[in-house]
Amino acid sequence: MKSQAYRMAMLFDFYGDVLTPRQKEFYDLYYNEDLSLSEIAENSGITRQGVRDVIVRAEAVLTDLEDKTGLIRRFHAMRGQLEEIRQDAQAILNVNNRYDDPELERLAERIRSAAEALQKE
C-alpha cells in the first residue's frame, strides 16, 4: 500500500463500523483530523497513554480483519483489473476504426462504459 496514513484511512473506511464508539472517535481524530495524542487526551479528560492504547487496539482490530478477509487487497486488485478492461475495450474500438463494425463498436463501448462505472463506485 501507499503510505501509513493511507493504509489507516482505508482500514477505517472498510472496517471502521466494527470499532467501539470510543475507538472510532479517537481513531478518526488521530488519523483523519490529525490531532495529536495530547490534544485528544486533553479534550477527552484522559491520559495521552490512554488515548494511545485505544488507538493501538483499534489498529489491531482493523489490521486483523484485513488479514483475515483481504477486502482492501482485493479491492485494489479489482480496480487494476477494471482499468485493464477499460483500456482493452478502448483498444478494440481503435482497431475497429479499420473495420467499422457497428456491433463490435457497440459491444466495446458497453464494456468500456461498464468498467468506467464500476471504477467510480
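**Figure 1. The whole chain: six helices and zero strands.** Read from the N terminus, the elements go α-α-α-α-α-α. Helices here are DSSP runs of H or I with at least four residues, strands are runs of E with at least two, and both are numbered from the N terminus. This is a predicted model, so to speak of local features a pLDDT of at least 70 is needed, side-chain atom pairs count only at pLDDT 80 or more, and totals for chains, interfaces and linings use all residues. Residues are numbered from 1 along each chain as its sequence is written, and side-chain values use heavy atoms, with hydrogens and water left out.

**Figure 2. The overall outline of the chain, with a C-alpha trace spanning about 70 × 25 × 20 Å along its principal axes.** The radius of gyration is 22 Å, while a compact globule of 121 residues would have one near 14 Å. That radius is taken over C-alpha atoms, and the globule rule is 2.2 Å times the number of residues to the power 0.38. The accessible surface adds up to about 8,200 Å², and carbon and sulfur atoms hold 51% of that. Areas come from the Shrake-Rupley method with a 1.4 Å probe; for residues, only the protein chains shown count as cover. Of the 121 residues, 24% are buried. Buried means under 20% relative accessible area, exposed means over 50%, and partly exposed is in between (1.4 Å probe, protein chains only). Among contacts with a separation of 6 or more, 57% join residues 24 or more positions apart; a contact means heavy atoms within 4.5 Å.

**Figure 3. Helix 1 and what covers its buried residues.** Met8, Met10, Leu11, Phe12 and Tyr15 are the buried residues to look for in helix 1. Their cover includes helix 2 (21-32), helix 4 and helix 5. Pick out Met10: setting aside neighbours within four places in sequence, Met10 touches Ile72, Phe75 and His76. The helix also passes a simple length check: twelve residues at 1.5 Å a residue should span 16 Å, and the end C-alpha atoms are indeed 16 Å apart. The expected span is 1.5 Å times one less than the number of residues.

**Figure 4. The largest nonpolar core, with ten residues.** A nonpolar core is a set of buried Ala, Val, Leu, Ile, Met, Phe, Trp, Tyr and Cys residues joined through side-chain atoms within 4.5 Å. The members here are Met8, Met10, Leu11, Phe12, Tyr15, Leu19, Tyr27, Ala58, Leu62 and Ile72. Helix 1 (4-15) and helix 4 are the elements that give two or more residues to this core. Helix 1 supplies the largest share, five residues. There is also a second, separate core of seven residues, including Phe26, Leu37, Val51 and Val54.

**Figure 5. A salt bridge in helix 4, between Lys68 and Asp64.** A salt bridge is a side-chain nitrogen of Lys or Arg within 4 Å of a carboxyl oxygen of Asp or Glu, and by this rule the count is five. Here the closest N and O atoms are 3.1 Å apart. Both residues belong to helix 4 (residues 48-69) and are four residues apart, about one turn of the helix. Lys68 is exposed, at 63% relative accessibility, whereas Asp64 is partly exposed at 36%. Side chains of opposite charge can pair when their charged atoms come close.

**Figure 6. Two more salt bridges, Arg86 with Glu83 and Glu103 with Arg106.** In helix 5 (residues 71-99), Arg86 and Glu83 are three residues apart, or about one helical turn. Their N-to-O distance is 2.8 Å. Arg86 is partly exposed at 21% relative accessibility, and Glu83 is partly exposed at 24%. In helix 6 (residues 102-120), Glu103 and Arg106 are also three residues apart, and their N-to-O distance is 2.8 Å. Glu103 is partly exposed at 40% and Arg106 is partly exposed at 43%. An α-helix has 3.6 residues a turn, so residues three or four places apart point the same way.

**Figure 7. Two loop residues with positive phi, Asp34 and Asp100.** Asp34 sits in the loop between helix 2 and helix 3 (37-44). Its phi is near 60°, a positive value in a residue other than glycine. Asp34 is exposed, with a relative accessible area of 65%. Asp100 lies in the loop between helix 5 and helix 6. Asp100 is not a glycine either, yet has a positive phi of about 55°. At 58% relative accessibility, Asp100 counts as exposed.
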